[in-house]
Amino acid sequence: MQCYGGCQCGAVRFVCDIDPERASICHCRMCQKAFGNVFAPLVSVREGTLRWTKAEPKRFQSSNVVKRGFCPDCGTPLTYEAPDGIAIAIGALDDPSIAPPVIQYGTEAEIPFVASLHTLPHRSTMEDLPAAPFLRDIVSYQHPDRPEKGESQG
């Protein structure tokens, strides 16, 4: 399935074919640190299909076998690059809903509260206006979730 994506600021953009049956969440400590989060949602890229349409990400060698790609301008985590292939951060896709995770890895490091997140109260951004009135006037500088003009279709 062909998809587009990129970082928060739009400096790094990509097009690739993903394998939605290989979407996952990784709880390992290395992924937690790389994403600055309690887990890393990733989806495998079909071999040879990833193409950077703007700048390439900067890479950090996080282990002897894995590199992590991220935007050098805004820091958005983008890739997990290992000998068995490349995975893209699901949140970096223009439409993250196309890659629902089907398996969880690294569960030995799963943070205990993650299993109960679904039980927490839910509130939309605008429902939080009484506590955070600045949200009424917020203007996003984030890159829009769509290919840029001139970004080729393949």
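Reader: Where is Val-102 found?
Author: Val-102 is found in the loop between strand E8 (85-89) and strand E9 (103-105). Keep in mind that this is a predicted model.

Reader: OK, and is Val-102 buried or exposed?
Author: Val-102 counts as exposed because its relative accessible area is 56%, and the cut-off for exposed is over 50%.

Reader: Which residues form a nonpolar patch with Val-102?
Author: Ile-103 and Tyr-105 do. Together with Val-102 they make up about 290 Å² of accessible area on the surface.

Reader: Switching to charges. How many salt bridges does a search of the whole structure find?
Author: Five.

Reader: Let's go through some. What does Arg-13 form a salt bridge with?
Author: With Asp-94, and the closest N and O atoms are 2.9 Å apart. That pair links distant parts of the chain: Arg-13 belongs to strand E2 (residues 13-26), while Asp-94 is in the loop between E8 and E9, 81 residues apart.

Reader: Are Arg-13 and Asp-94 buried or exposed?
Author: Buried, both of them.

Reader: What about Asp-19, which side chain does it meet in a salt bridge?
Author: The side chain of Arg-46, at 3.9 Å from N to O. Asp-19 lies in strand E2 and Arg-46 in the loop between strand E3 (40-45) and strand E4 (51-52), so this salt bridge ties together parts 27 residues apart in sequence.

Reader: And how do Asp-19 and Arg-46 come out, buried or exposed?
Author: Asp-19 is buried, with a relative accessible area of 14%. Arg-46 counts as partly exposed, because its relative accessibility is 37%.

Reader: What's Arg-123 doing, which side chain does it meet?
Author: Arg-123 meets Asp-128 in a salt bridge, 3.7 Å from N to O. Arg-123 is exposed at 61% relative accessible area, and Asp-128 is partly exposed at 27%.

Reader: Which residues are linked in a network of salt bridges?
Author: Glu-56, Arg-59 and Glu-81.

Reader: How far apart are Arg-59 and Ala-23 in space?
Author: They're 22 Å apart, C-alpha to C-alpha, and 36 residues apart in sequence.

Reader: Tell me about Ala-23 then. Where does it lie, and is it buried or exposed?
Author: Ala-23 lies in strand E2. It counts as buried because its relative accessibility is 0%.

Reader: What does Ala-23 touch, not counting residues up to four places away in sequence?
Author: Leu-42, Val-43, Ile-90, Ala-99, Pro-100, Pro-101, Val-102 and Ile-103. Two names there come up in the surface patch as well: Val-102 and Ile-103 are both part of that nonpolar group.

Reader: New topic, cysteines. How many disulfides does a search of the whole structure find?
Author: Zero.

Reader: Why no bond for Cys-9?
Author: Because the closest cysteine sulfur, in Cys-7, is 3.7 Å from the sulfur of Cys-9, too far for a bond. A disulfide here needs the two sulfur atoms within 2.5 Å.

Reader: And which cysteine sulfur is closest to the one in Cys-31?
Author: The sulfur in Cys-26, at 3.7 Å, which is too far for a bond as well.

Reader: Last one: are Cys-9 and Cys-31 buried or exposed?
Author: Cys-9 counts as partly exposed at 36% relative accessibility, whereas Cys-31 is buried, with a relative accessible area of 1%.

Note on methods. Residues numbered from 1 in each chain as written. Predicted model: local features only at pLDDT ≥ 70, side-chain atom pairs only at ≥ 80, totals over all residues. Heavy atoms only, no water. Patch = residues over 30% accessible without salt bridge, like charges linked within 9 Å, V, L, I, M, F, W, Y side chains within 5 Å. Areas by Shrake-Rupley, 256 points an atom, 1.4 Å probe, with all protein chains shown as cover. Salt bridge = Lys/Arg side-chain N within 4 Å of Asp/Glu carboxyl O. Helix = DSSP H or I, 4+ residues; strand = E, 2+ residues; numbered from the N terminus. Buried < 20%, exposed > 50% of the residue type's maximum accessible area, 1.4 Å probe, protein only. Contact = heavy atoms within 4.5 Å.
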